[in-house]
Amino acid sequence: MIADAPILVVIVPLVGAVVAMLLGLWFARAGWWVAATSAIAQVAVALVLAWRVVTAGAVSYATGGFDLPFGIELVVDGLSVPLVVLIAVVYAAVVGYARRAGPHATSFYALLSLLVGGLTGMVVTGDAFNLYVFLEISGLAAYALVASGDDPDAAVAGFKYLLVGTVGASLYLLGVGFLLIATGTLNMADLAARIAAVGYTSPLVVTAFGLVAVGLAVKTALFPVHTWQPEAYATAPVSVATIISALMSTVAAYALGRMVLSVFTVDFLAAVPMARTAVLTVAGVSILAGSVLAVLQTDVRRMLAYSSVSQFGMVVAGFVVATPAAVVGALVHLVGHAIMKGGLFATTGLVATRTEARTIEDYAGLHRRDPIAAGAFAVLALAMVGVPPAVGFVGKWYIVVGAVQAGSWAIAAVLLVSTVLTLAYFATIVERMYFAGVDDAAGQPTATAESTETPGAGEPTAAPDGSGTRGPSLGMIAVVVAATVAAVALGLGASAVQPLVESTLQGVLAG
Amino acid sequence: MVVDLLLTRYNYVVALLLLGIGLYMMIENRNLLKKVVGMNIFQAAIFLVFITAAYVEGGNPPLLSGAAPYVSPLPHVLILTAIVVGVSLTAVALALAIRIYAEFGTLDESVLRRLQE
């Protein structure tokens, strides 16, 4: 049973999706219970898997008992295990959050579980085509989820997301096709060896790299191809925006990093400097353009969405710089960003239940109306800017150190400039929340958030519902507070992850 | 050179053309349903690349009883999967289009944009 953990992390949510859908035919409210059960099981399996990887090293699993490299391989190593745990925890948190925040339809919980299954599959798979299938599973679930709310604009956003996302995934598929033509294999480890044999400068390989990078960049929402993302984040129901902002781009960026590091390898980047330069340029432009666009927004959720465009530029830059420090930084920032951005979106939902506030102007004086939300937002925002000791600082620090070590001064400079820009857009909101209007000086934001209650890990500890009040449930507050605490606590613990990741990277970055 | 390319590699040329047509339809056409059609053409072009690449002159199915040269079944299986994915995508896209029509009473992108203001 424990030996099957790598496949179970994919199966558990998929079974959850099917059961939720079927039970939903008879019991209108069954969806939540199924999703909650499946989320708890998912967290448990993910933790078992993490424990195995930490104690015994990377796990490889041959699906269906086919010999590798012909069968589909699942690989859980130091690079993927943080993502597996992250996805499971966010799943549980969002289920807890959605208890009150909705949508309440059974189909929502089925799609949510399907999304989690697809995303986990993308993370654990060791097969390039299998990655495409999971990419589309998670994509299909996400398109439908975005449109699952009452907002009519969300349907348009979902449609746009579908078109752009499909082009991205299809380009990735075409890239995999070029790799298949060049090497005759799809297994990632096998591909790495055979690409080396074919020659890194072979037109097929270079074209494949371009297609894979562009395809996954669309899914990650890097700058010129980010257009689907702000609409989707701003119009989706808040539970959906939380999980999508926390996970969709994260897993796509992870997939890009995985393809660059494990399939094309660092040797390819060294042999084809143009490829590295091109990706670094896109990442750099994304960092700056995302930040500038975020500064220009008046809608809070839109601002957060553009902020993601910028943050993922950093993550991708970290992966492509490809020094050990930069990759550790990219991974830490990947996980950290997911928690911070998911937490920020969850907070906007918390604010919206009480005050209907959506724009930055609406947030004026929020600390008096809703001290928990204001405190959480401020802490998460400052963590995102990179104030130590929060996780946002650790990730960026490692990326900058890695970039300097690799001599990529331009990227290091861009990162530092973007920190100032990040401060520019988050400081506006923090200023509005605490200092707008009446001039009673507010206390330190940190004090508000951290003194409130223990995290509860976002488990469905929801308040007894049906009480008729429209206020946020205990589950919603718990999720927001847990994210806030995690954003700070992970910053302190992030350096502990380094040895685990670096032992994995020895294999990936060697040579 | 060009003539040679057209004579020997025309499948790829057609696939590339379809890729361009599909992408152009998705960007340029104002009708959401025609965008979905464009998406399908775009995907079909990619399927064609795979299938063309898998073609072996005089190849046989990879059975022990058959004679070499064998054809790799892998690309065909992949595309079978990709077609299923494509059908699901089309279904979701059409469902969203129905929803959009119910909400806004139009499928014209420029009208939609005006209504959303």
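User: What is the mean pLDDT of chain A?
Analyst: This is a predicted model. In chain A, 92% of residues reach a pLDDT of 70 or more. The mean for chain A is 84.

User: Over which residues of chain A is the pLDDT below 50?
Analyst: Chain A has a mean pLDDT of 84. One stretch still falls below 50, although beyond near neighbours in sequence it has 55 contacts in the model. That stretch is residues 439–469.

User: How many helices and strands does chain A have?
Analyst: Chain A includes α3(A), at residues 81–101, and α16(A), at residues 391–405. The full count for chain A is 19 helices and two strands.

User: What is the radius of gyration of chain A, beside that of a compact globule?
Analyst: A compact globule of 511 residues would come out near 24 Å. The C-alpha trace of chain A spans about 70 × 55 × 45 Å along its principal axes. The radius of gyration of chain A agrees with the globule value, at 21 Å.

User: What percentage of the residues in chain A is buried?
Analyst: Burial needs 20 or more other C-beta atoms within 10 Å. Chain A has 511 residues to test. The buried part of chain A is 65%.

User: In chain A, what percentage of contacts between residues at least 6 apart joins residues at least 24 apart?
Analyst: Y363(A) and R432(A) give one such pair: they touch, and they are 69 residues apart in sequence. Across chain A, the figure is 80%.

User: What is the radius of gyration of chain B?
Analyst: A compact globule of 117 residues would have a value near 13 Å. The C-alpha atoms of chain B fill a box of roughly 65 × 40 × 15 Å. Chain B does not match the globule value; its radius of gyration is 20 Å.

User: Which pattern of elements does chain B follow?
Analyst: Chain B has zero strands and five helices. Of its 117 residues, 24% count as buried. Read along the sequence, the pattern is α-α-α-α-α.

User: How many residues of chain B are in contact with chain A?
Analyst: On the chain A side, 23 residues take part. On the chain B side, α3, α4 and α5 each supply at least two residues. The number of chain B residues in contact is 27.

User: Which helix gives the largest share of the side of chain B that touches chain A?
Analyst: That side divides into 20 nonpolar, four polar and three charged residues. The largest share is 15 residues. It comes from α4(B).

User: Is Y363(A) buried or exposed?
Analyst: Y363(A) is in the loop between α13 and α14 of chain A. It touches V300(A), A357(A), I429(A), R432(A) and M433(A), leaving out residues up to four places away in sequence. With 27 other C-beta atoms within 10 Å, against a threshold of 20, Y363(A) is buried.

User: How far apart in space are Y363(A) and R432(A)?
Analyst: The two residues touch. In sequence they are 69 residues apart. C-alpha to C-alpha, the distance is 6.3 Å.

User: Where is the kink in α17(A) centred?
Analyst: The 27 residues of α17(A) should span 39 Å, and the end C-alpha atoms are 38 Å apart, which agrees. The helix still has a kink of about 30°. The kink is centred on F426(A).

User: Why is α3(A) described as largely enclosed?
Analyst: Helix α3(A) reaches 29 Å, close to the expected 30 Å. Just after the helix, G102(A) takes a positive phi of about 70°. The helix is largely enclosed by the rest of the structure because, of its 21 residues, the number buried is 20.

User: How many residues of α16(A) are buried?
Analyst: Helix α16(A) has 15 residues and reaches 21 Å. Among its buried residues are F393(A), K396(A) and Y398(A). The helix is mostly covered, and its buried count is eleven.

User: Which residues does L179(A) touch, not counting those up to four places away in sequence?
Analyst: L179(A) is found in helix α6 of chain A. It is buried, with 28 other C-beta atoms within 10 Å. The residues it touches are A128(A), L191(A) and A208(A).

Definitions and conventions. Residues numbered from 1 in each chain as written. Chains lettered and ligands numbered in written order. Predicted model: local features only at pLDDT ≥ 70, side-chain atom pairs only at ≥ 80, totals over all residues. Helix = DSSP H or I, 4+ residues; strand = E, 2+ residues; numbered from the N terminus. Expected span 1.5 Å × (residues − 1). Bend = angle between axes of the 7 residues up to and from the residue. Contact = placed C-beta atoms within 7 Å. Nonpolar A, V, L, I, M, F, W, Y, C, P; charged D, E, K, R; others polar. pLDDT = per-residue confidence, 0-100. Buried ≥ 20, exposed ≤ 12 C-beta atoms within 10 Å, placed from the backbone. Rg over C-alpha atoms; globule rule 2.2 N^0.38 Å.
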